[in-house]
Amino acid sequence: MATIEDVAEVDVVVVGAGNAASVAALTARQQGARVVVLEAAPVALRGGNSAFTGGAYRFTYRDVEDLKALAEMSESELGSIDFGTYTEEQMFDDMARMSQFRCDPDLTALLVRNSYQTALWMKEQGIRFYPAVGRQAFKVDGKFRFWGGLALHINGGGQELVATLHAALERAGVPVLYETPATGLLHDGGAVRGVRVSHQGAAHEIKAKSVVLACGSFESNPEMRARYLGPGWDLAKVRGTRFNQGAGLKMAMDIGAAPYGHWSGSHAVAWDLNAPPYGDITVGDQFQKHNVPFSIMVNAKGERFRDEGSDFHSYTYARYGGEILQQPGMFAWQVFDQQVTHLLRSEYRISRITKVTADTLEALAPQLEGVDPEGFLKTVREFNAAIDQSIPFDPNVKDGRRTNGLAVDKTNWANPLREPPFEAYAVTAGVTFAFGGLKVTQRAQVEDTSGNLIDGLYACGEMVGGLYYHNYASGTGLMAGSVFGRIAGASAAGA
Ligand SMILES: Cc1cc2nc3c(=O)[nH]c(=O)nc-3n(C[C@H](O)[C@H](O)[C@H](O)COP(=O)(O)OP(=O)(O)OC[C@H]3O[C@@H](n4cnc5c(N)ncnc54)[C@H](O)[C@@H]3O)c2cc1C
């Protein structure tokens, strides 16, 4: 176990110990650099948000042969799945559409073009993948059909991802110092030459030729959420780590780094109303409630407030949290009947859940705590009557089975609530990460507010600004962390 004295002077300091940091540290080490990783958390809570993930990993593929190079699949498995394709054009289009055409085209192209090769590199480091059926594809007429990439997930989710990357760091001889937050950058006016840290209650300095900031965004910090995301966001629950307090962003901007991207935007999902204020690693991502497209979602007035079926959950779920936060009381209920409950994800079957059931809608209504029962029953009556039932329900495509004439129509997957028992789940906003970050170059080097490069300073992961605006396509965060982690690590090592 390395001591703080052992690492008083190194080539590369990596701040953070999640996916982006671990990938950057491994890459820098593979280039021959002497590297140290600094983790604010204790070892049991290491790995930031990366440790909380379900392991969705977005990358391009031409055909099933590309996927077979990443995941072992039996012939019968292969025969029962239609993976389709996910070309560079498709992924780039998704990024552009999700961001309302604001994403930085050069950074986005870098992400997209490197995504498949990066998945292969991750496999070389020991990461295992499996087909994400049930989450990104449903069985219809005996076959799973993927609707838009995300064909493979990381085996064992975030916990296994972090354990595998840390095992690789250990094999590569990269020390990780726990409970050692970076508190500032050593900056001589021109270049960054190391970091100030707090270690076991004492202040220290670590000198380095370069520093890679990979210590997440500010989503865990209620003061910064209120300041940047807006009123009410301080009350959102945090889905993941408590350690992403925005320290990396602050220390970089303190020496003139340029903020970049959508600083008043964030990724926030529907999250169990009674989940704890920060993530619980024993539950991981399972407080999320992503099956909004098969539900009707009502607020305290018993009214629907969004088109639940506007798109597949992958393309809408990151907005649900913000929309729920705007509702009276900052909560909503998702309601399902037995026509769709078999499609619900595993997160709807955990024990720590805010759920009510009833055999009639009249018996369900008073159980929806905080909701006007009459308003709810009226909403359901009008919703059920407005569905065009001539169009068949199909969860694998945007089926066009919709309502007509409502103030808020549901434009796909609209089923009348009629088959008991009815199930309802209470949710609020769970914030995942904030979209604002730093301006980096194609080499992941940080720019200052005048557009000049900051010598010796690199950033990756959630700290990279300019990729996400307004919305987000699921599985992009981990891939962006890996892609920019590899670039930052190589650049910091002087490659
Ligand atoms: C519940 C949940 C589920 C998710 N599911 C997915 C998914 O399936 N697929 C996907 O692509 N994305 C998912 N995401 C998003 C994903 O987690 C992030 O995009 C990604 O993990 C960010 O990686 P990162 O390395 O930049 O940050 P993190 O993994 O958050 O790592 C930041 C690190 O910095 C450390 N740190 C913070 N401050 C300091 C400091 N001052 N000094 C030293 N260390 C510090 C933290 O302790 C942590 O180790 C999910 C997020 C959550 C919360």
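1. Contact of α1 with α12. N19, A20, A21, V23, A24, A25, L26, T27 and A28 of α1 (19-30) meet L478, G481, S482, F484, G485, R486, A488, G489, A490 and A492 of α12 (476-492). Residues are in contact if their C-beta atoms, placed from the backbone, lie within 7 Å. Helices here are DSSP runs of H or I with at least four residues, strands are runs of E with at least two, and both are numbered from the N terminus. The contact holds twelve nonpolar, six polar and one charged residues. Ala, Val, Leu, Ile, Met, Phe, Trp, Tyr, Cys and Pro count as nonpolar; Asp, Glu, Lys and Arg count as charged; the others, Gly among them, count as polar.

2. Basis of the model. This is a predicted model, in which local features need pLDDT of at least 70 and side-chain atom pairs count only at pLDDT 80 or more, while totals for chains, interfaces and linings use all residues. Numbering starts from 1 along each chain as its sequence is written.

3. Geometry of that pair. The axes of α1 and α12 come within 7 Å and cross at roughly 35 degrees. Axes are lines fitted to C-alpha atoms, for helices over the stretch in contact, and angles run from 0 to 180 degrees between N-to-C directions. The crossing is right-handed. That term applies if the near helix is turned clockwise from the far one by less than a right angle; anticlockwise is left-handed.

4. The ligand shell. Which residues come nearest to the ligand? They are G18, G48, G240, G461 and G477, out of 43 around the ligand. A residue is near a molecule or strand if its C-beta atom, placed from the backbone, lies within 6 Å of it. Elements giving two or more residues to the shell are α1, β18 (422-434) and α12. The largest share, four residues, is from α12. By class, the shell has 17 nonpolar, 21 polar and five charged residues.

5. G47. This glycine sits in the loop between β2 (35-38) and α2 (64-68). G47 counts as buried because 28 other C-beta atoms lie within 10 Å. The cut-offs: buried means 20 or more other C-beta atoms within 10 Å of the residue's own, exposed means 12 or fewer, and partly exposed is in between, with C-beta atoms placed from the backbone. Leaving aside neighbours within four places in sequence, G47 is in contact with A17, G18 and V162. G18 is also one of the residues that come nearest to the ligand.

6. T60. The loop between β2 and α2 also holds T60. T60 is buried, since 22 other C-beta atoms lie within 10 Å. Beyond neighbours within four places in sequence, T60 is in contact with Y86, T87, E88, M91, V112, S115 and Y116. T60 and N114 are 54 residues apart in sequence, yet 8.9 Å apart in space, C-alpha to C-alpha.

7. Packing of α4 on α5. Helices α4 (88-98) and α5 (105-124) pack at about 145 degrees, with axes 10 Å apart. Their crossing is right-handed. E88, M91, F92 and M95 of α4 and T108, A109, V112, R113 and S115 of α5 make the contact. These residues divide into five nonpolar, two polar and two charged. Contacts of T60 include E88, M91, V112 and S115.

8. Hairpin of β9 and β10. Strands β9 (182-187) and β10 (192-199) run antiparallel, joined by four bridges. Strands pair if DSSP finds at least two bridges between them. A182 has V197 of β10 as its bridge partner. Four residues lie between the strands, and G189 takes a positive phi near 100 degrees.

9. Helix α8. In α8 (247-254), A247, G248, L249, M251 and A252 are buried. Their cover includes β1 (9-15), β9, β11 (202-213), β19 (437-438), β20 (445-447) and β21 (453-459). Just after α8, G256 has a positive phi of about 100 degrees.

10. Backbone points to check. Most residues other than glycine have a negative phi, and most peptide bonds are trans. L150, not a glycine, has a positive phi of about 50 degrees. L150 lies in the loop between β6 (143-146) and β7 (152-154). A444 has a positive phi near 65 degrees and is found in the loop between β19 and β20. A444 counts as buried because of its 30 C-beta neighbours inside 10 Å. The P420 to P421 peptide bond is cis, with omega near -5 degrees. P421 lies in the loop between α11 (373-385) and β18.

Notes:
Contact = placed C-beta atoms within 7 Å.
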